[in-house]
Structures are given as structure tokens and as C-alpha cells.
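Got your viewer open? Let's take a short walk through this one, stop by stop.

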Amino acid sequence: MHTTFERTQRIAVLGGGPGGYEAALAAAQLGAEVTLVERAGVGGSAVLTDVVPSKSLIATAEASNAVKEAADLGVQFFARGGDAKAVKPDVAINLQAVNKRLLGLAAQQSEDMRTNLLDAGVRLVQGEGRLDGPNAIIVATAKGGTDFDRIDADTLVISTGATPRVLPSAVPDGERILTWTELYALKQVPEHLIVVGSGVTGAEFASAYRALGAKVTLISSREHVLPGEDADAAAVIEKVFKRNGMKVLSKSRADSVVVDGDGVLATLSDGREVRGSHCLMAVGSVPNTADLGLEEAGVQLAESGHIRVNRVARTSMPNIYAAGDCTTFLPLASVASMQGRTAVFHAMGDIVNPPENRNITSNIFTQPEIATVGWTEKEIDEGVVPGTVYKLPLASNPRAKMMGIRDGFVKLFASAGSGAIIGGVIVAPKASELIFPLALAVEHRLTVDQFAEAFPVYPSLTGSLTDAARAMHVVR
């Protein structure tokens, strides 16, 4: 009598960012033999140099603004023994201490994730990895590439992320001309920060450093900041930027940025020059897919270098999946995580519910924040989907009045026929937290009447969501 054993499925994951991390955890949970290859540290750039540190910096900027604006709520600041003065205080930022804290938080988050993987039984290999055909990863585990580790696998998951785009006319030097990964080496708040690029990254850092006390000039090649976002939301942010003293140069393209003495010089395409102490280049990112052996393994790439994937994160090779910013899917950490789990569930025959692009929430961490989900007003206006729109300014919300919130709104989109909520936009402090009820409504196709039946706390900012839903009541 012979006993047969079914071989455990072997899964190798290249890249330990949000996508690779979740893929490895899910695979281990389902009983696979899992190896994860990461060159920098678990969490990848999202944890070490991007999302975690940048949002930590933004939290400090929000705290700084809260102190400055406390006088508007009747909070007075005075030196002990001195006279109370109901004035807006000067706030000093110790940027070196701030950066030390946020890099410490990033390192701790990375270590926590590493521990989770080890506890789950995932084998971790540190080094530079590349594909060796469709069923193996070769890892250079020593500097200079003299030692190699070969990992054979039944299924591969590629999650190598992306890096900041570098323009030949504005090459970062790590001191004066910086990418967003290099900002955390600054010891002082820049005297005058020039930000090239008014997309999400540029807008977030411009907002944060202005709140931290830097003079900021935002160079935007488009007519308005945050092109592609909800027009009303972008208009609010641009108004707040200018009111706070930021200089926004619209329809301006930076031809070059060079170090000039103890500062930088940005030359615009129309010949104008902008001088500052530092420059942040926020002109997009490029996928980390070069020299990975992808095409040799049969994996199709888009012209941009991104890995082509379908809704279950599968590439053109049946046993190779990809997740995160290296793919043609939405470049969000939450999306990378979902893709990683979806890839493994699909590869191992578990139940898969592929993510709907339209149901994915996104947030821009400016002050105030912009959170969106579902169909857009532009798509409704263009007739792509029949719908109605209702916009409610936050200024009418009682909790907003108590908190001194002047800017922002709630906007709901509902199906013209059924009244089902098909999307929404929230511009408010902590919009990233407020958007979740709308995400649930979109995901589960709740009507405005069903949504309005829920009881929000009074007073609360979420009350504006149900107020908007009630205003869209569908008469039967």
C-alpha cells in the first residue's frame, strides 16, 4: 500500500510592497509554500519612502495648521506672565525631528509587516530578483551579484512598484533638486520650495510644505491644479492654496531646473524664470519592470513599460500574475493589496471577486482632502451614464461651523432611473474617512432613499451625506 501526498503549490513573489505583501500572506493562509523576494525592505517604497512617510508629514502639517487656526475658535496663546493675545501664533517646525519620526514610523511599519510574514511561514529572501523563464526567480543575494539564489515556483506574482520619473532637464541631486523619496533628508523647512507638477503628489506636498511654513510656488502645465479630478474639488483646493499664500503658475511648463548657487533656477517654456531654495520634481513615475526578464518569460508589457493584467491580475502568461504600480491597473496602495489577494485566490482556485475599477475609493491628502468613488460628474455630463447630481456645501453643516471649516462640500451622483447611488465626491478634512459610507453604497447599489434611512450622529460631518441623499429622494 502506497501513500501519496499532493505537492504543496509553490508561489514566489517578487517585490514586498502592498501587493506582494498581501499576495504572500494570502498564499500562506491557503497553504502554499511561499517565498517573497524584496530588495529594500518589506513594505516596499509605499511604506519606506512614499505613502507612510508622506502621509505622516502631512499629519504634522495638519497639526501645524490646527494650531495656527485655533485663534479663530477663541483659543488664545500667550507667554506665561505675559498678556493674552488673540492672534494667530507663529509655529516653529523642527523638520529634522519630524523626518526622524516619520522615517522611524516607516521602519516600524516595515518591521511589523516582516514579522507578520514570518509568523505566517513565508520565506523571505533579500536581494535583487529577476525572472528566469516563467517558473523561476533568480536573486542576487550579495552586492556585485556574485551569489545567486534560484527559486522555482508554480506561480509567480510580480509586484515591483514604480519610481519617480526623472527628466534629463531637471536631474535630482538629492540636495536641492529632489524627488518625493528624497525630501526626508531635509534638515530644515525649505525657504522657497518650487514644486513642478500639479497632480496628486505635487498638490499634496505643496499643501504640506506651505502649512509647514515654506514659501511655495506650484508650476502647473495645465489650466488648473489636479487635472483629471472633479472640477469643483480642484477649484476649492486651488482657491485654498492661493488664499494660504501659495503662488500657482498655471499653463506653465518647466523646461529645465538647475542648481544655481545656493538655490535652484527653474526656466519655463515661455522664458520666465523662477528662483527658489529647493525644487520638488513631481512629474509622475515609471514602473520598475526593466531588466526583470519579463518579456523573455512571455509577459506582455504596455508601451509605457507597465505589465498588462486582466481583472484577476493575471498577465499574458497563465501562471504569472502582477499587482500594484508596475501594472496597468490603478496606482493605489489599496488597489495593489486587493490585486495581490485576488491573484493568489485565482491562482489557487479560491473564490474570486475581481475588483470593479469604479468602486475603488481614492483620496488626495491636501488640506482639505478630496475623496472620490464611482462614476464622475464629467461622465454624467457627457452622457456616458444617466444620472443626477446634488452638491451640498459643508458651510451649511452645523458640525463644520463648530469646527471652523470654511471650505468643502459633499456631492452625490444617483442613477436617473432607480435612484441608486453611483458615485460621489467629498471635499473636507478627513474626507478619506468620510468616503467609506459612500463606498459601501456604491458597492452594494443602495438607493438614495435606502442611504438616507441610516441615522447619522447629530451634529456630524456625515450628516451632510444623508442630507444630500434626502434631497435626492425619488418620488414613486
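Before you click anything, keep in mind that this is a predicted model.

**Stop one: a patch on the outside**

Start by selecting Val67, which you'll find in helix α3, the stretch covering residues 51-69. Val67 is partly exposed, at a relative accessible area of 34%. Now add Leu73, Val75 and Phe77 to your selection: with Val67 they make up a nonpolar patch on the surface. Together the four have about 300 Å² of accessible area.

**Stop two: the annotated binding site**

Next, select Gly197, Ser198, Gly199, Val200, Thr201, Gly202, Ala203, Glu204 and Gly284. An unreviewed UniProt entry annotates these residues as "binding site". They span 88 residues in sequence, but no two of their C-alpha atoms are more than 13.3 Å apart, so they gather at one spot.

Keep two of them highlighted. Val200 belongs to helix α5, residues 200-211. Is Val200 buried, partly exposed or exposed? Its relative accessibility is 34%, so Val200 counts as partly exposed. Skip the neighbours within four places in sequence, and the contacts of Val200 are Leu226, Glu229 and Ile364.

Now switch to Glu204, also part of helix α5. With 5% relative accessibility, Glu204 counts as buried, because the limit for that is under 20%. Which residues does Glu204 touch, not counting those up to four places away in sequence? Show Lys55, Ile58, Asn363, Ile364, Phe365 and Thr366 to see them. Ile364 is on the contact list of Val200 and on that of Glu204.

**Stop three: a loop between strands**

Jump to Ser277, in the loop that links β15 (273-276) to β16 (278-281). Ser277 is buried, with a relative accessible area of 10%. Beyond its neighbours within four places in sequence, Ser277 is in contact with Arg176, Pro190, Glu191, His192, Leu193, Asp262, Gly263 and Val264. If you'd like to try your distance tool, go from Ser277 to Leu218, C-alpha to C-alpha: they are 14 Å apart in space and 59 residues apart in sequence.

**Last stop: the cysteines**

Finish with Cys279 and Cys326. Cys279 is buried, at 0% relative accessible area, and Cys326 is buried with a value of 0% too. How many disulfides are there, if the two sulfur atoms must lie within 2.5 Å? The count comes to 0.

Terms used:
Residues are numbered from 1 along each chain as its sequence is written. This is a predicted model: local features need pLDDT of at least 70, side-chain atom pairs count only at pLDDT 80 or more; totals for chains, interfaces and linings use all residues. Side-chain values use heavy atoms; hydrogens and water are left out. Patches are made of residues with over 30% relative accessible area and no salt bridge: like charges are joined within 9 Å, nonpolar side chains (Val, Leu, Ile, Met, Phe, Trp, Tyr) within 5 Å. Accessible areas come from the Shrake-Rupley method with a 1.4 Å probe; for residues, only the protein chains shown count as cover. A salt bridge is a side-chain nitrogen of Lys or Arg within 4 Å of a carboxyl oxygen of Asp or Glu. Helices (H or I, at least four residues) and strands (E, at least two) are DSSP runs, numbered from the N terminus. Buried means under 20% relative accessible area, exposed over 50%, partly exposed in between (1.4 Å probe, protein chains only). A disulfide is a pair of cysteine sulfur atoms within 2.5 Å. UniProt positions are given in the numbering used here, feature names are shortened, and annotations may be inferred rather than shown by experiment. Contact means heavy atoms within 4.5 Å.
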